[in-house]
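This report looks at pockets, cysteines and salt bridges in a single protein chain. The sequence and the structure are shown first, and the discussion follows.

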Amino acid sequence: MVTLEEMQRSTAQVKGKAVFITGCDSGFGHALAKHLHKHGFTVFAGCLLKDKGGEGAKELEEFHSDRMKVVQLDVCSDEQVNQAAEYIRDNLEESERGLWAVVNNAGVSTFGEVEFTSMDTYKQMSEVNLWGTIRVTKAVLPLIRRAKGRVVNLASMYGRMGNVMRSPYCVSKYGIEAFSDCLRYEMKPWGVKVSVIEPGNFIVATGILTRDIVANTANKLWNEAPPQVKEDYGKAHFEQLMALMRSYCNSGQKSMAPVLDDITDALVSKRPYTRYSPMEPHWWIRVQMMTHLPSAISDLLYF
């Protein structure tokens, strides 16, 4: 978590700056839209369920503020992403000054061992988390270059290390890390800063995993698994892992503040960090172990 002292180390002017956030229906995106609006930013809040009367979108629209503009956005749709980019361009106070930042927050999560996970699940996970991030970034990058602004991508601690049952999610988040690194090198001559946010476990704060979600996912995994896989792994092994997933439902940090503070720093600091890691100390230590130690040692410690 970024301290107040660090937040004050050297900040850019907020007044007149606009930020585009994806995935504002709920979770980090919804909270961030309110948080940045309160801090004086103009917010373009992309919501998947705006046209379907989603609660999150309605709540943001009820601000009735010139600085809170809710936009219909499915990050998997080229058409909706391009329409959103056009809307932003047309509604910026001064389009010549460009768009200060995009925060690619929209994301989905799932779990399941490799042999239980369908190719469709792998594709869907990356379609939202990875291709959605790339699609949105490409659409608004000309506006951000004009502002010498920021690209902030939400990855995860699982963008830096793997874990059992998390391969579809890890694949998509590792991809965001790679994309962000490459973009950072390319954007340096343009004066655009690219930062990655790597949240740890915020299951309780965001409600991204509930007992209902675990039950539904478990049924789907078991029902769609090939007969040989069911036979080889056995129901007892499968149920044991599902019980482990259920136990995670009440885990993690209860407040989103560490993530919101880090994203804010990435947007306002004159020298934002390349990576922010808002996570509990034991997860931070694990990430360091998994990424710095020889695999033989970290595997022994954790698996």
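How many nonpolar, polar and charged residues are there in the lining of the second largest pocket? The headings below take up this point and then turn to other features of the model, which is a predicted one.

## The second largest pocket

Sorted by class, the residues that line the second largest pocket comprise 6 nonpolar, 4 polar and 7 charged. The lining is made up of 17 residues, and those nearest the centre of the pocket are Gly-16, Lys-17, Ala-18, Leu-92 and Glu-93. The space within this second largest pocket amounts to about 260 Å³.

## The largest pocket

For the largest pocket the computed volume is about 1100 Å³. Its lining consists of 46 residues, among which Gly-107, Val-108, Ser-109, Tyr-169 and Ile-208 are the closest to the centre. Two or more lining residues come from each of helix H2 (27-38), helix H5 (119-147), helix H6 (167-187), helix H7 (203-206), helix H10 (235-247) and helix H12 (281-292). Of these elements, H2 supplies the largest share of the lining, with 3 residues.

When the lining of the largest pocket is divided by class, 26 residues are nonpolar, 15 are polar and 5 are charged.

## Cysteines

The structure contains 0 disulfides. Cys-47 takes part in no such bond, and the nearest cysteine sulfur to it, belonging to Cys-24, lies 5.2 Å away; a disulfide would call for two cysteine sulfur atoms within 2.5 Å. Cys-47 is also buried, its relative accessible area being 0%.

Why is the sulfur of Cys-249 without a bond to the closest cysteine sulfur? The closest one is in Cys-170, at 18 Å, and this is too far for a bond. Cys-249 likewise counts as buried, at a relative accessibility of 8%.

## Salt bridges around Arg-275

Across the whole structure, 13 salt bridges are found. Which residue forms a salt bridge with Glu-177 in which the closest N and O atoms are 2.8 Å apart? The partner is Arg-275, and the pair connects distant parts of the chain, since Arg-275 belongs to strand E7 (residues 275-276) and Glu-177 to helix H6, with their positions 98 residues apart in the chain. Arg-275 counts as partly exposed, with a relative accessibility of 27%, whereas Glu-177 counts as buried at 4%.

Arg-275 also forms a salt bridge with Asp-181, for which the closest N and O atoms are 3.0 Å apart. This pair, too, links distant parts of the chain, Asp-181 in helix H6 and Arg-275 in strand E7, which are 94 residues apart. Asp-181 has a relative accessibility of 17% and therefore counts as buried, given that the term applies to values under 20%. A further salt bridge joins Arg-275 to Glu-198, with the closest N and O atoms 3.3 Å apart. Because Arg-275 lies in strand E7 and Glu-198 in the loop between strand E6 (193-197) and H7, this pair ties together parts that are 77 residues apart in sequence. Glu-198 is buried, with 1% relative accessible area.

## The linked network

The pairs described above belong to a network of salt bridges that links Arg-160, Glu-177, Asp-181, Arg-184, Glu-198 and Arg-275. Within this network, Arg-275 is partly exposed, while its partners include the buried residues Glu-177, Asp-181 and Glu-198.

Technical notes: Residues numbered from 1 in each chain as written. Predicted model: local features only at pLDDT ≥ 70, side-chain atom pairs only at ≥ 80, totals over all residues. Heavy atoms only, no water. 1 Å grid on protein atoms, 1.4 Å probe; cavity = no way out; pocket = protein on both sides within 12 Å on 5 of 7 lines; lining within 4 Å. Points joined across faces, edges and corners; volume = space filled by probe spheres on them. Helix = DSSP H or I, 4+ residues; strand = E, 2+ residues; numbered from the N terminus. Nonpolar A, V, L, I, M, F, W, Y, C, P; charged D, E, K, R; others polar. Buried < 20%, exposed > 50% of the residue type's maximum accessible area, 1.4 Å probe, protein only. Salt bridge = Lys/Arg side-chain N within 4 Å of Asp/Glu carboxyl O.
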